[in-house]
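Trainee: Got a minute to walk through a model with me? I'd like to talk about pockets, cavities and helix packing.

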Amino acid sequence: MVVQRKPPAFQRTVGTFVVMGVIGYMVNVVFGAMNFMAGNESSTEDLLYPIESETRELKKLDGMWNFVRSDSNNPSQGIREKWYGDDLARFRKTIQMPVPSSYNDVTEDAGLRDHVGTVWYDRRFFVPRAWSSERVFVRFGSVHYDTIVWINGVQVVKHEIGHLPFEAEVTKVLKYGDENRISVICDNVLLQVTIPQGKVDNQAIDNGSELVQSYTFDFFNYAGIHRSVVLYTVPRVYIRDVAVHTDQGADGEGHVHYQVLTGSSNPNETTDALQVTVKLYDRNGTLVGTDVAKGKLEGSATIPEAKLWWPYLMDPEPGYLYTMEIKLETDGVGNDVKTTLLDVYRMKVGIRTLEWNSTAFLINGRPIYFRGFGRHEDSDIRGKGLDLALLTKDFNLLKWVGANAYRTSHYPYSEESMQFADENGIMIIDECPSVDTENYSQVLLQKHKSSIEQLVHRDRNHPSVVMWSIANEPRTGKLDADAYFAAVAQYTKLLDPTRPITAAIAVNVNDDRAAQHLDIVSFNRYNAWYANAGRLNMITNRVVEEAQAWNKKHNKPVLMSEYGADTMEGLHMLPAYIWSEDYQSRVFSQHFKAFDTLRAQHFFIGEFVWNFADFKTAQTYTRVGGNKKGIFTRNRQPKAAAYLLRQRYHMLSDLDKSHLPDDLFLYTVPQTSAQLTERSEL
């Protein structure tokens with residue numbers, strides 16, 4: 001049983017050449033005048049992060065899988081020949097491929113790195129005999145971009161849109177106490193009706209022809225099984241989904257409002273005979289709040305003198321989380337009837353409130369100034385594959401530099417990274433995978449909405465998520481952009497009215513048609529790089545004037561979501577010259593002047609450097625090994641600008657300055673008042 005509802009599959013075409021008929025249905029896409037406000041929105045079900053508990057078991061399928069690359073000009077061969085019906089090795093010579101990882105950089109084969117089309121994975125695994133009495137689900141954290149999964153030759157789920165999880169119940173197709181086989185086809189093709197968009201052409205090469213993928217976004221189109229694959233069990237009657245919202249009372253108590261949805265192997269079963277007991281525990285494991293709900297399975301638990309969730313460097317204990325324990329039980333009627341435990345699920349919750357108005361964004365009633373980054377899930381060899389060691393290093397560096405936020409540019413990051421952000425008090429602007437959106441259509445709108453819905457459903461319970469970003473650098477100067485982004489914004493607010501929405505806009509303020517539909521205006525601009533390259537004296541005033549123009553036109557808070565300069569590590573030039581580390585530091589410093597001017601005007605709420613670390617891009621003559629705008633190299637070593645930015649971000653901290661790191665400013669000479677007096681007398 002597939003437990004994720006998706007919009008209808010659509011044909012993906014480039015001219016008359018059908019690229020993805022292999023996975024989608026061959027349905028004609030008709031472009032023309034469309035009502036962007038109409039449409040049948042999808043609804044994601046389930047997808048709680050998989051855990052183990054007294055009632056649940058979990059088995060990871062991470063490791064080495066068998067892997068086959070399809071011929072680019074024959075992507076449907078495996079479907080036609082039913083490669084999912086037996087081991088891949090019986091049809092093609094396989095290689096070993098680690099899961100999770102991107103497949104592109106694991107081998108020395110340029111053909112695999114640049115492959116366009118489908119690839120196949122499979123592996124065998126055992127299922128314990130004891131699981132036969134439970135319900136079993138298979139769950140993928142992310143596969144990019146389009147996927148079908150079979151178990152023992154039976155199709156169990158299809159999913160489109162990378163960077164988001166999907167799952168299916170596989171109880172009836174598994175062999176218990178025996179060996180099973182899982183087969184996966186993955187397609188990385190991006191077209192004008194995918195999120196994000198791209199184009200594919202069949203081009204001549206020296207010995208024939210091949211598919212060539214092109215896209216306008218500036219990061220590499222890594223593909224494969226990027227995040228963990230797990231099997232997990234739930235009881236026959238189980239906790240299917242949980243939605244949480246928090247607030248604070250006048251006397252300092254914290255309120256955790258919850259709604260629990262249940263699932264049952266009996267589709268006719270109701271929740272009338274069920275109850276949930278919710279308990280909240282602090283960091284020390286002390287019970288601090290409880291509530292019981294029957295029938296409707298929703299309610300509120302109260303914590304006296306609650307510790308609030310604060311961003312990093314806004315409180316001595318940032319990122320404070322409580323453990324929420326949810327027990328699903330039969331409803332005991334009368335004093336002589338005992339309840340029966342059915343299921344247990346635990347999750348972390350943070351208590352905080354969000355507010356915004358025409359000039360400010362507030363957490364727990366205090367105005368926020370964002371100091372952060374654009375980032376990428378990107379690293380050597382593994383590409384966008386989940387790596388907990390790398391994730392730990394990245395969050396250590398975020399705290400070292402004094403950042404309190406980042407944007408998940410330009411797609412949803414792993415669920416594990418969201419958990420890290422919760423724990424460390426790092427605020428997230430959570431962005432859907434719509435990048436450089438153009439050629440607006442009803443088909444594209446439906447997929448855009450689906451990506452938003454899946455993202456909101458997945459991340460709505462994370463206290464670190466403080467804003468939704470509905471696009472990055474969309475072509476909002478086009479006439480159709482008005483109705484299109486009105487529809488996306490309205491839908492996002494319908495899904496979650498508790499958080500503001502934004503989009504990173506790159507067109508000029510007078511040409512844009514999207515900002516009017518946002519709560520907070522974010523803009524990307526590369527003064528002294530893409531505009532007036534090398535001119536350090538053409539930054540500060542331009543940034544100030546543009547931010548003021550956005551605010552004047554829309555009367556909304558404004559933040560700068562991208563600025564920066566490419567920098568080759570180790571290149572130093574005096575006077576500062578473009579591409580040198582010295583130039584990057586000077587670009588930052590000129591922006592800092594603008595930001596401080598804007599902060600004094602009380603509508604400017606944040607600054608985000610592009611980028612946290614260098615990352616890989618498609619091969620072009622403007623990129624030397626990728627985009628070099630990071631303040632850290634791709635292997636996470638600092639450039640000179642990292643030290644400059646660290647000084648600024650920590651000095652902007654809301655904590656008392658006695659909490660500044662001891663090594664923020666390196667020792668040169670003692671700055672005592674006596675020495676300063678002596679120096680002045682000389």
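Mentor: Sure, let's go through the open and closed spaces, then some helices and a strand residue. Keep in mind that this is a predicted model.

Trainee: Good to know. What volume does the largest pocket have?

Mentor: The largest pocket has a volume of about 630 Å³. Its lining counts 29 residues, and the closest to the centre are Arg113, Asp114, His115, Val116 and Gln213.

Trainee: Which element gives the most to that lining?

Mentor: That would be β14, with six residues. Strand β14 covers 208-214, and both it and α2 (110-113) supply at least two lining residues each.

Trainee: And how does the lining of the largest pocket split by class?

Mentor: There are 16 polar, seven charged and six nonpolar residues in the lining of the largest pocket.

Trainee: Okay, on to enclosed space. How many cavities of 30 Å³ or more does a search of the whole structure find?

Mentor: Five cavities of that size turn up. The largest cavity holds about 170 Å³ of space. Its lining is made of 17 residues, with Glu377, Asp378, Gly385, Leu390 and Leu391 nearest the centre.

Trainee: Which helix supplies the largest share of that lining?

Mentor: Helix α3 (residues 388-401) does, with three residues. By class, the lining of the largest cavity has seven charged, six polar and four nonpolar residues.

Trainee: What about the second largest cavity, what volume does that one have?

Mentor: About 60 Å³. Thirteen residues line the second largest cavity, and those closest to its centre are His144, His163, Phe219, Asn221 and Tyr411. The class split there is eight nonpolar, four polar and one charged.

Trainee: Back to α3 for a second. At what angle do the axes of α3 and α9 cross?

Mentor: Roughly 65°, and the axes of α3 and α9 (residues 640-651) come within 8 Å. On the α3 side, the residues in contact are Lys399, Trp400 and Val401. They meet Ala642, Tyr643, Leu645, Arg646, Tyr649 and His650 of α9. By class, this contact has six nonpolar, one polar and two charged residues.

Trainee: Nice. Let's switch to α7: how many residues does α7 have, and how far does it reach?

Mentor: Helix α7 (residues 540-554) has 15 residues and reaches 22 Å from its first C-alpha to its last. That is close to the 21 Å expected at 1.5 Å a residue.

Trainee: Which residues in α7 are buried?

Mentor: Thr540, Val543, Val544, Glu546, Ala547, Trp550, Asn551 and His554 are buried. What covers them includes strands β31 (501-505), β32 (521-524), β33 (558-562) and β34 (604-609), along with helix α8 (581-599).

Trainee: What phi does asparagine 555 take just after α7?

Mentor: A positive one, about 55°.

Trainee: Last topic, valine 237. Is that residue buried or exposed, and why?

Mentor: Valine 237 counts as buried because its relative accessible area is 14%, and the cut-off for buried is under 20%. Its place is in strand β17 (residues 237-248).

Trainee: What does valine 237 touch, leaving out residues up to four places away in sequence?

Mentor: The contacts of valine 237 are Gly263, Ser264, Glu269, Leu274, Leu328, Leu342 and Asp343. Take leucine 342: it sits 105 residues from valine 237 in sequence, yet the C-alpha to C-alpha distance is 6.5 Å.

Trainee: Great, thanks for the tour!

Key:
Residues are numbered from 1 along each chain as its sequence is written. This is a predicted model: local features need pLDDT of at least 70, side-chain atom pairs count only at pLDDT 80 or more; totals for chains, interfaces and linings use all residues. Side-chain values use heavy atoms; hydrogens and water are left out. Helices (H or I, at least four residues) and strands (E, at least two) are DSSP runs, numbered from the N terminus. The expected span of a helix is 1.5 Å times one less than its number of residues. Buried means under 20% relative accessible area, exposed over 50%, partly exposed in between (1.4 Å probe, protein chains only). Contact means heavy atoms within 4.5 Å. On a 1 Å grid over the protein atoms alone, a cavity is a set of points where a 1.4 Å probe fits but cannot get out, and a pocket is an open set with protein on both sides within 12 Å along at least five of seven lines; lining residues have an atom within 4 Å of a point. Grid points are joined across faces, edges and corners, and a volume is the space filled by probe spheres set on the points. Ala, Val, Leu, Ile, Met, Phe, Trp, Tyr, Cys and Pro count as nonpolar, Asp, Glu, Lys and Arg as charged, and the others, Gly among them, as polar. Axes are lines fitted to C-alpha atoms, for helices over the stretch in contact, and angles run from 0 to 180 degrees between N-to-C directions.
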